[in-house]
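Here is a short look at a two-chain model, first chain by chain and then at the place where the chains meet.

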Amino acid sequence: IYCGAPFCLLTLLLPPHSPGAPISPAEPISQAYSLALYMQKNTSTLLQTYLQYQGSPFSDPGFSAPELQLSSLPPAAVSFKTWHALDDGERLGHAQGAFLALTQHLQLVGDDQRDLNPGSPILLTQLGAARLRAQGLLGNMAAIMTALGLPIPPEEDTLGVVPFGASAFERKCRGYVVTREYGHWTDRAVRDLALLKAKYPG
Amino acid sequence: MALFSVLQTTFLLASLSLRTYQTEVWSEPLPWAPESLKVSINSTRQCLHLQWSVHNLAYHQELKMVFQIEISRIKTSNVIWVEDYSTTVKWNQVLHWSWESKLPLECAKHFLRMRSAVDDAKTPEQRFWSNWSSWEEVDVQNSLGHEPLFVFPKDKLVEEGSNVTICYVSRSQQNNISCYLEGVRMQGEQLGPNVSMFNLNHVAFIRETGTNIYCKVDQGDVIKGVVLFVSKVLEEPKDFSCETQDLTTLNCTWDPGRDTGLLKQLSQSYTLFESFSGKKILCKHKSWCSWQVAPESQETYNFTLTAENNLRKRSVYLLFNLTHRVHPKAPFNVLFKNVSATNATMTWKVHTIGNYYTLLCQVDLYGEGKVTQHNISVRVDGEHLFGGLEPDTQYMAQVRCANANRFWKWSEWTCQNFTTAEAAPSEAPDVWRNVKSAQGDCVVTLFWKPLLKLQANGKILFYNIVIENLDRSSISKLLSIPAPANGTEVILDQCLYQIHVTANNSVGTSPASVIIVSGDPGNTEVEEERVKGTEDGFSLSWKPQPRNVTGYIVDWCDHPRDPLCDLQWKNLGPNTTSTVVSSGAFRPGVRYNFRIYGISTERVPYLLEKKTGYSQELAPSDNPQVVMSNLTSHSFTLSWKDYSTESQPSFIQGYHVYLKSKAGQCHSGWEKAVLSDDAVCCKYKIDNPKQKTFVVENLQPESFYEFLVTPYTSVGEGPHGAFTKVTTPDEYSPILIRIILPMVFCILLITIICYLKSQWMKEKCYPDIPDPYKSSVLSLIKSKENPRLTIMNIKDCVPDSIEVLNKQEGTRKSLTETESTKPTYLYLLPTETSYSGPEPCICFENFTYNQAASDSASCGHVPVPPKAPPSQLGLLTSPENLLKSLEKNYMNSLGEIPAGETSLNYVSQLASPMSGDKSSLPTNPPEPALCSEYKMQMAIPLGLASAPSSGSSSFSSITLLDEGEHYH
């Protein structure tokens with residue numbers, strides 16, 4: 001269901017949380033899966049919109065710089081074997097950690113772009129929406145972990161000390177990495193949740 | 001080092017001697033070398049910052065010195081910059097000097113050294129340079145970090161058109177690095193093994209968000225770059241001006257010029273500085289700023305407006321006297337009082353400016369397409385009287401004010417509308433009439449044009465019409481027609497009338513428009529003349545009238561085909577004899593009729609001329625409906641009497657008759673014509689448009705012809721539509737028809753007569769019962785005097801039988817029940833004796849029988865003794881007649897007959913019993929007598945027979961009896 005606003009999605013998909021009561025994991029898994037699928041549809045749009053506003057080389061057709069990474073953001077790329085060998089707790093833990101980092105980074109990128117591209121409300125809106133969806137998915141995953149009886153990792157400041165002195169070009173690169181990794185992590189979350197969904201059918 | 005210690009010792013000694021022999025120190029120049037050199041880098045601005053101090057200066061001593069600074073790049077021998085920096089040096093002062101490097105400092109080592117000299121006027125001849133300081137090395141590369149590639153300068157802000165140098169530092173040993181400016185590869189210059197630089201000349205503004213410059217290692221995905229923010233050159237503010245509305249706030253405005261195209265955080269700021277008060281404010285807006293006027297009434301202001309960004313600073317100045325820059329607020333409370341039809345007083349208020357200021361106000365009045373302007377001096381309240389206004393007119397007044405003492409600017413306008421009062425209409429309505437004669441009366445349709453706004457002076461409410469009989473002047477009639485009617489119809493007898501028409505509004509009445517309508521409509525036969533119209537209208541001219549004419553009127557209908565016709569007229573002066581009538585309503589193909597009237601001095605209009613014409617003639621669109629008659633084998637007649645030449649789209653000049661025949665030969669008077677479909681036919685031209693019949697002659701009998709009649713005009717003829725087909729008959733058939741038709745008619749007539757007189761005929765020619773007396777045979781006999789042949793006498797006959805049928809009907813039974821107690825008796829006469837006679841026939845005699853019917857209504861044969869004497873019985877020509885007579889008699893005397901309904905059936909013994917149709921027959925009909933050839937039965941109702949005294953007794957029955965008597 002698309003309500004037209006990310007807030008709406010958030011309220012819809014955040015499960016009613018009553019601590020102590022055993023909850024079937026199937027429902028939060030299904031909800032998280034639906035949200036992840038919905039997010040997946042918009043990640044490439046976000047990346048394309050982002051690149052389009054940054055000028056060359058970012059806006060050049062087919063631009064890709066996989067080497068660009070951020071030390072504060074864990075990369076989504078993982079070998080299939082490693083990924084498959086993960087247990088549910090680890091898998092959810094990785095995703096949880098990544099989306100926590102992503103929400104903070106998306107906030108940072110949004111701030112950067114407000115400076116660098118103040119005249120592009122579309123980009124700023126999309127960045128804000130992506131951040132809210134990532135937060136929504138975090139909430140869903142927390143519900144799954146609660147239902148599965150897994151310990152929820154504590155929220156931590158993954159961003160650490162932000163290099164505020166980063167140059168405009170560095171900030172553009174940073175935003176690229178964040179929006180790109182947001183897509184990769186969403187893809188991975190869909191896979192993670194699909195696996196869980198198969199494991200805990202409703 | 002040794003040299004240094006020697007120098008130092010010398011310096012110390014010198015210092016000591018300075019203190020001891022101060023006057024000698026001034027006269028003896030000493031090199032005050034720069035010391036404590038420190039070099040730092042401002043990476044953002046790409047500046048080398050140098051600071052040093054000069055020792056050995058006395059307390060409060062000030063010395064003018066020159067410092068020569070040398071900068072080398074990469075190696076000390078490569079000097080790229082030498083500068084002499086002059087300054088006054090104080091005791092214990094730290095000196096600063098900055099140098100902006102074009103090449104980013106990160107990309108190359110820089111070396112710097114300096115020396116000094118005293119540059120004091122007191123010792124001009126004593127100028128020596130100190131020794132050079134040692135080289136200070138500036139190397140930023142070491143502190144960059146361990147990333148593989150660096151590009152510099154970061155986030156540099158430059159002006160459009162300036163030159164910029166970009167460089168990169170690579171950590172890898174390979175030199176396969178390429179750099180791009182917005183996707184275009186740049187050609188660089190190698191500075192060192194891992195360093196290259198790129199000179200960008202005349203950089204262009206690309207976008208507000210900056211220009212991306214990036215470098216990447218060819219094998220690998222390392223991308224590093226910088227954003228170069230290119231600004232458009234900051235312009236000087238234009239049209240800087242300050243003014244005040246209330247002497248408390250100064251409002252300064254300017255045109256900032258074109259945008260520098262920088263992000264908001266990099267764009268310019270504006271500051272306003274006033275030099276007399278020394279106040280400075282930072283303006284929040286790009287194009288205006290408010291300045292609070294100091295309460296101590298500073299009169300003169302000297303403003304400096306400065307626009308400044310990171311690259312440039314621009315200032316403009318303005319010096320003015322506050323009282324000369326007063327721009328008053330717009331006046332308010334604009335009101336109108338004493339508004340009459342021609343005058344109005346306007347009042348308004350102004351915002352006060354100080355106590356002693358007088359304002360000059362300008363008042364404009366717009367109305368009726370005119371503008372009038374007045375200037376009024378005002379302190380607080382303004383007032384102005386507008387005169388000479390038009391009644392019932394909306395005016396727009398506006399007022400603005402300015403400082404009267406020292407004009408600077410007008411205030412904004414304040415507008416207000418007002419409408420003057422109504423006045424009586426000033427002009428008489430323009431009236432015209434159309435006169436028609438109907439049944440002895442004169443139907444006058446009056447038309448008038450609505451008054452112009454200037455004439456009406458208000459809303460016209462109604463029109464008054466006074467009809468004054470000039471013959472009997474005492475009688476006059478008043479009509480009031482509510483507006484917006486523009487005409488009315490009055491019916492007058494054939495008298496001379498004078499009609500006054502006035503227009504009235506709420507205030508009064510207009511002057512009257514007078515028109516004389518004579519009882520005689522004056523339709524004198526005036527020849528109608530044709531005029532040719534153009535798109536612009538009809539040009540009409542008429543003969544000047546010898547007698548006194550006060551003017552002419554031309555009238556016409558804008559829509560002559562409409563029943564309402566929309567009569568228009570035009571008033572023309574007495575000296576005019578021509579005019580052009582134009583109307584937007586004129587359409588091509590419509591005939592317009594114009595009548596030109598002269599108006600006599602007695603105001604009686606009389607028709608002078610009639611004109612008719614088309615604004616544009618069009619070819620006829622349809623052909624007349626032709627009736628063909630008198631078809632003979634050699635000719636036929638065509639007629640189109642109904643065709644109206646008046647209502648055609650052009651003047652009909654005549655007709656063309658087209659005739660198609662198989663023979664293809666045209667007779668004299670006809671000419672050959674080829675139609676549009678290449679068919680060849682004969683054409684006859686009728687020149688007279690009034691001739692609407694035509695006889696087509698010289699035709700062949702039993703031939704097929706097709707004809708078409710079409711009108712022709714100056715612009716062409718009617719459509720060549722469907723031809724009418726006709727076949728001529730053969731030569732003899734008309735003659736035959738002449739014979740056969742009367743014959744058929746005669747036969748038909750005879751047949752009808754025969755039918756109508758069929759009874760008479762039957763009686764005469766073939767009666768059912770032949771009357772021997774009437775038979776022609778009798779006369780023949782008589783003529784021949786043949787004694788042997790006689791007619792049988794009824795007396796000689798012996799009656800055989802009589803049958804009486806009694807029929808009762810339910811509906812009438814109730815009426816007669818009480819009285820009809822007696823049964824009907826039937827008297828059967830014995831027949832035996834009758835056979836005794838020699839005659840082989842049987843007669844029946846008249847006798848009376850009782851008609852009392854029984855309830856059972858049986859029709860059985862009841863033997864009746866022959867008590868009653870046989871009455872006389874005439875021989876009836878027809879039993880049916882008798883029956884009819886009886887019935888009629890019965891019906892007439894029904895009320896008098898006490899018995900139930902009785903029917904008498906006569907049954908012919910020769911006829912079938914079923915032939916009776918009036919009542920049921922007896923179940924046992926009498927046997928026909930064997931020998932009888934003819935039997936006659938007769939019954940007469942008892943009432944009739946016994947009591948014929950009734951007044952309504954049948955005349956026929958009496959006649960019948962009389963006849964019977966007669967024949968007896």
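In chain A, 87% of the contacts between residues at least 6 apart in sequence join residues at least 24 apart. Keep in mind that this is a predicted model, so every figure here describes a prediction.

**The two chains**

Chain A is a helices-and-no-strands affair: six helices, zero strands. Walk along its sequence and you get the pattern α-α-α-α-α-α. Chain B has another make-up, with ten helices and 53 strands. For chain B, contacts with a separation of 6 or more come from residues 24 or more positions apart in 66% of cases.

Here are the basic numbers on burial and surface, one row per quantity and chain.

| Chain | Quantity | Value |
|---|---|---|
| Chain A | buried residues | 50% of 202 residues |
| Chain B | buried residues | 41% of 968 residues |
| Chain A | accessible surface | about 9,400 Å², 60% from carbon and sulfur atoms |
| Chain B | accessible surface | about 53,800 Å², 53% from carbon and sulfur atoms |

**Where they meet**

How many residues does each chain bring to the contact? Chain A puts in 20 residues and chain B puts in 18 residues. On the chain B side, Asn212(B), Asp221(B) and Ile223(B) lose the most area to chain A, and together they make up 36% of what that side buries. The area buried between the two chains is about 1,500 Å², with carbon and sulfur atoms giving 57% of that.

Now for the polar side of things. There are six residue pairs in polar contact between chain B and chain A, counting pairs with both residues at pLDDT 80 or more. As for charges, the rule finds one salt bridge across the interface. Which residues form a salt bridge here, and how far apart are their closest N and O atoms? Lys154(B) pairs with Glu170(A), and the closest N and O atoms are 3.2 Å apart.

Which strands of chain B each supply at least two residues to the side that touches chain A? They are β15 (211-217) and β16 (223-231). Of the elements in chain B, β16(B) gives the most to that side, with six residues. Sorted by class, the side of chain B that touches chain A has seven nonpolar, five polar and six charged residues.

Notes: Residues numbered from 1 in each chain as written. Chains lettered and ligands numbered in written order. Predicted model: local features only at pLDDT ≥ 70, side-chain atom pairs only at ≥ 80, totals over all residues. Heavy atoms only, no water. Contact = heavy atoms within 4.5 Å. Buried area = accessible area lost by both parts, 1.4 Å probe. Salt bridge = Lys/Arg side-chain N within 4 Å of Asp/Glu carboxyl O. Polar contact = N/O pair within 3.5 Å; in protein donor to acceptor, adjacent residues only side chain to side chain. Helix = DSSP H or I, 4+ residues; strand = E, 2+ residues; numbered from the N terminus. Nonpolar A, V, L, I, M, F, W, Y, C, P; charged D, E, K, R; others polar. Buried < 20%, exposed > 50% of the residue type's maximum accessible area, 1.4 Å probe, protein only. Areas by Shrake-Rupley, 256 points an atom, 1.4 Å probe, with all protein chains shown as cover.
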